[in-house]
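Biologist: I am new to this structure and should like to understand the reasons behind the terms applied to it. May I ask you to take me through them one at a time?

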Amino acid sequence: MTWIAPPPPPFGGSLVADERTLLEGFLDWQRAVLVGKCTGLTGEELAQRSTPPSTLSLLGLLRHVTDVELEWFHRRFRGEPVEFHYRREGAKDAAFDELDPAAAERDHARLLAQWEDSRAVAATAALDDAFEDSLRGPMSLRAVYLHLIQEYARHNGHADLLRQRIDGEVG
């Protein structure tokens with residue numbers, strides 16, 4: 001049986017809430033938008049690339065943001081020496097370049113599991129908790145939330161175009 005990408009997990013939140021609830025809610029919304037763009041597609045469809053020479057695909061985006069979440073919540077914020085799922089030395093774009101449509105279900109599930117892991121990391125910290133970023137200097141958990149919201153939003157624009165190219169779905 002061919003795997004079909006399911007709809008995103010339900011998310012909610014208030015637009016009249018404290019700062020943390022708003023940041024968590026907007027990040028969850030952006031996460032759901034990306035996974036929602038994949039709903040109803042097979043692994044083969046998710047792996048369809050945009051326009052050469054680009055290797056951009058919906059499956060590549062799912063894989064990429066899995067590593068982005070791991071990087072920002074664990075490696076940067078917590079300072080943990082974690083291994084990426086896809087990116088590696090000499091292959092920073094492996095999430096896009098080394099797709100296996102047959103592994104789409106695993107990659108999709110890995111992203112959702114990473115979301116839960118990222119939430120667990122953030123739940124134990126205050127928004128003002130900070131770390132030293134080698135490029136930007138001191139950064140807070142608040143800044144991590146804002147960075148990830150913009151990262152997902154940018155890639156959600158890519159996902160809109162990719163989905164429309166695959167089956168004409170818009171919105």
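Modeller: Let us begin with Pro53, which is placed in the loop between H2 and H3. Please keep in mind throughout that this is a predicted model.

Biologist: What is the peptide bond from Pro52 to Pro53 called, and what is its omega?

Modeller: The bond from Pro52 to Pro53 is cis, and its omega is near 10°. As a general matter, most peptide bonds are trans.

Biologist: Why is Leu41 called buried?

Modeller: The term buried requires a relative accessible area under 20%. Leu41 has a relative accessibility of 1%, and therefore Leu41 counts as buried. Leu41 is found in the loop between helix H1 (19-36) and helix H2 (43-46).

Biologist: Which residues are in contact with Leu41, leaving aside its neighbours within four places in sequence?

Modeller: Leu41 is in contact with Trp3, Ile4, Ala5, Leu46, Leu58, Arg163, Ile166 and Asp167. As for Ala5, Leu41 and Ala5 are 36 residues apart in sequence, while their C-alpha atoms are 5.4 Å apart in space.

Biologist: Is Glu83 buried or exposed, and how do you know?

Modeller: Exposed means over 50% relative accessible area. Glu83 stands at 70% relative accessibility, so Glu83 counts as exposed. The place of Glu83 is in the loop between H3 and H4. The C-alpha atoms of Glu83 and Asp67 are separated by 9.1 Å, with their positions 16 residues apart along the chain.

Biologist: Let us turn to the strands. What makes E1 and strand E2 (residues 137-140) a pair?

Modeller: Two strands pair if there are at least two bridges between them. E1 and E2 are joined by 4 bridges, so they meet that condition, and they run antiparallel. A hairpin of 3 residues connects E1 to E2. Within the pair, Ala130 stands opposite Ser140 in E2.

Biologist: How do the side chains point along strand E1 (residues 130-133)?

Modeller: They alternate: Phe131 and Asp133 point to one face and are buried, whereas Ala130 and Glu132 point to the other and are not. In a regular strand, side chains do alternate between the two faces of the sheet.

Biologist: Why does Asp133 count as buried?

Modeller: The limit is under 20%. Asp133 has 3% relative accessibility, and therefore Asp133 counts as buried.

Biologist: What makes the side chains of Asp133 and Arg76 a polar contact?

Modeller: A polar contact requires N or O atoms within 3.5 Å. The side chains of Asp133 and Arg76 make such a contact at 2.5 Å, so the distance satisfies the limit. Asp133 also touches Trp72 and Met139, besides Arg76, when residues up to four places away in sequence are not counted.

Biologist: What lines the largest pocket, and which residues are the closest to its centre?

Modeller: The largest pocket has a volume of about 230 Å³. Of its 13 lining residues, the closest to the centre are His64, Arg87, Lys92, Asp93 and Phe96. Helix H3 (58-78), helix H4 (94-97) and helix H6 (141-167) each give two or more residues to the lining. The lining divides into 5 nonpolar, 3 polar and 5 charged residues.

Biologist: Why is His64 called buried?

Modeller: His64 has a relative accessible area of 18%, which is under 20%, and therefore His64 is buried. His64 lies in helix H3. The side chains of His64 and His155 are joined by a polar contact of 3.3 Å. Leaving aside neighbours within four places in sequence, His64 is in contact with Ala95, Phe96, Glu151 and His155.

Biologist: Finally, why is Asn156 called buried?

Modeller: Asn156 has a relative accessible area of 5%, under the limit of 20%, so Asn156 is buried. Asn156 belongs to helix H6. Not counting residues up to four places away in sequence, Asn156 touches Gln30, Val33 and Leu34. A polar atom of the Asn156 side chain lies 3.3 Å from the backbone nitrogen of Leu34.

Note on methods: Residues are numbered from 1 along each chain as its sequence is written. This is a predicted model: local features need pLDDT of at least 70, side-chain atom pairs count only at pLDDT 80 or more; totals for chains, interfaces and linings use all residues. Side-chain values use heavy atoms; hydrogens and water are left out. Buried means under 20% relative accessible area, exposed over 50%, partly exposed in between (1.4 Å probe, protein chains only). On a 1 Å grid over the protein atoms alone, a cavity is a set of points where a 1.4 Å probe fits but cannot get out, and a pocket is an open set with protein on both sides within 12 Å along at least five of seven lines; lining residues have an atom within 4 Å of a point. Grid points are joined across faces, edges and corners, and a volume is the space filled by probe spheres set on the points. Ala, Val, Leu, Ile, Met, Phe, Trp, Tyr, Cys and Pro count as nonpolar, Asp, Glu, Lys and Arg as charged, and the others, Gly among them, as polar. A polar contact is a pair of N or O atoms within 3.5 Å; within protein, one must be able to donate a hydrogen and the other to accept it, and residues adjacent in sequence count only if both atoms are side-chain atoms. Contact means heavy atoms within 4.5 Å.
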